[in-house]
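Trainee: Hey, got a minute to walk me through this one? I'm new to it.
Mentor: Sure, pull it up and ask away.

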Amino acid sequence: MSIASHAGKFAAPRTDAQGRIPLIGLNPEELKEVLSIHNLPGFRSKQVWHWLYHRGVRDFESMANLPKDLRATLTEKYSIERPKLITEQKSEDGTIKWLLGMSDGQQVEAVFIPEAKRGTLCVSSQVGCTLTCKFCHTGTQPLVRNLGANEILQQIMFARDALDEWPAKDKKDEGRDLTNIVMMGMGEPLYNYDNVAKALKICMDEDGLGISKRRITLSTSGVVPQIVQCGEELNVNLAISLHAPSNELRSSIMPINNKYPLEELLAACRNYPGLSENRRITFEYVMLKDVNDSDEQAHSLANLLRAIPCKINLIPFNSWPGSGYECSSGNRIDSFARILEEAGYDAPVRRARGADILAACGQLKSESQRVRVTPPGKTAEDGKTA
Ligand code: SAH
Ligand code: SF4
């Protein structure tokens, strides 16, 4: 299926359940155009923009410098509400996972990961995923639909609400706990490129959410044409889910490799604009016992990535019920990392965050879907958690 027809079939709803149009996610020109049908002078749309992205208001009534009757009209016709919080879980390590309900009842997860000098929000781009990578929990949930630009931005805006970070404590990122964004939640962001791009442009805009492109990382399983487009239009940091050093193995665990094999993928990486030793691609490599973790495979990986400014994040496999894979042993991961380091790569082993609340990489899934994974001997009803 082409990306365009894919986007149509799985499109996000254009209005909420009350028929109201979302204003979040429109760029400044679109916002001006939408509001122009109410015969408003241009400065009104600037005021609305400011309330939305600087002050983080969640209803039109709070937009104090708009005339009262205009606030009423806007309330009737447009929505700026946040997604509904379904559940919040806090991990022992401080990671917070929010399950959020969209206006049509679909659910996605966003995960906040606090670290010493920064805080990262892992944002979802789709409900489910089409790509069926064998080791990934999200991949077992069929794609339900793309998220709209508003729903992608609203995850970030929701996190700012929850962390009490409106308005900006400081004009610069340092004033906030939420400093970085990773498009590494549910879904393949480059299969929903248009909405992701719209959302990230507002996120990066100094007059929008003001999070610079150097603090945003987009992770993809390797949708080559959109990697090129993303490099030209957004130029955010790029992370590639690589996970195997050969086409044969990669195709067997990541079916997208049949469409965009390693040669094409790595060529797109080499040509990603702005790469340097200070701005490197991150290759993600999930450590799967007896699948991709031998010394020989580490040497092949080192050869494969030669001449690409990059680092390799080794991710211990996070298990989920019924996955059929195991994580490589600590010794195996160390040996794999050592080979890469001796070949000149940074190859940190990524500490799993939030694993106790199934918030770690590859574990995200809508609760409504997760209940289908039922322990042996139990019925689906028994397995229900909500
Ligand atoms: N679809 C995008 C982004 C979401 S996945 C992509 O594939 O890049 C975020 C990262 O988690 C990816 O690198 C993915 O391969 C990895 N991942 C998936 N399942 C995992 C698991 N069970 N354990 C560890 N990492 C996993
Ligand atoms: Fe989709 Fe990424 Fe999971 Fe693959 S690893 S199934 S692309 S979310």
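Trainee: Okay, which strands does helix α6 lie across?
Mentor: Helix α6, residues 193-204, lies across β9 and β10 (216-220). Keep in mind that this is a predicted model.

Trainee: And at what angle does α6 run to β10?
Mentor: At about 165°.

Trainee: What about helix α5, which strands does that one lie across?
Mentor: Helix α5 covers residues 149-162 and lies across β3, β4, β5 (107-114), β6 (119-122) and β9 (180-183). Its direction is at about 125° to β4.

Trainee: Let's talk about the sheet itself. How many strands form it, and in what order?
Mentor: There are 9 strands, in the order β3-β4-β5-β6-β9-β10-β11-β12-β13. The sheet is open and the pairing is mixed.

Trainee: Which ones are the edge strands?
Mentor: Those are β3 (84-90) and β13 (310-316), and each of them pairs on one side only. Going from strand to neighbouring strand in this sheet, the turn is 20° on average, with direction ignored.

Trainee: Back to β3. In which sense does β3 pair with β4, parallel or antiparallel?
Mentor: Antiparallel, over 6 bridges, with β4 being residues 96-101. If you want a spot to look at, find Lys 84, which stands opposite Gly 101 in β4.

Trainee: New topic: empty space inside. How many cavities of 30 Å³ or more are there?
Mentor: The count comes to 1 cavity of that volume or more. About 30 Å³ of space lies in the largest cavity.

Trainee: Which residues line the largest cavity?
Mentor: The lining is Val 236, Asn 237, Leu 238, Tyr 272, Leu 275, Arg 279, Arg 280 and Ile 281. By class, that lining has 5 nonpolar, 1 polar and 2 charged residues.

Trainee: Last thing, backbone angles. What is phi of Asn 39 near?
Mentor: Phi of Asn 39 is near 55°, a positive value in a residue other than glycine. You'll find Asn 39 in the loop between α2 (28-36) and α3 (42-55).

Trainee: Is Asn 39 buried or exposed?
Mentor: Asn 39 counts as exposed because its relative accessibility is 71%, and the cut-off for exposed is over 50%.

Trainee: And His 243, what's its phi?
Mentor: About 70°, so positive again, although His 243 is not a glycine. His 243 lies in the loop between β11 (237-241) and α8 (247-253).

Trainee: Buried or exposed, for His 243?
Mentor: His 243 is buried, with a relative accessible area of 4%.

Notes
Residues numbered from 1 in each chain as written. Chains lettered and ligands numbered in written order. Predicted model: local features only at pLDDT ≥ 70, side-chain atom pairs only at ≥ 80, totals over all residues. Heavy atoms only, no water. Pairing = 2+ DSSP bridges. Helix = DSSP H or I, 4+ residues; strand = E, 2+ residues; numbered from the N terminus. Axes fitted to C-alpha atoms, helices over the stretch in contact; angles between N-to-C directions. Contact = heavy atoms within 4.5 Å. 1 Å grid on protein atoms, 1.4 Å probe; cavity = no way out; pocket = protein on both sides within 12 Å on 5 of 7 lines; lining within 4 Å. Points joined across faces, edges and corners; volume = space filled by probe spheres on them. Nonpolar A, V, L, I, M, F, W, Y, C, P; charged D, E, K, R; others polar. Buried < 20%, exposed > 50% of the residue type's maximum accessible area, 1.4 Å probe, protein only.
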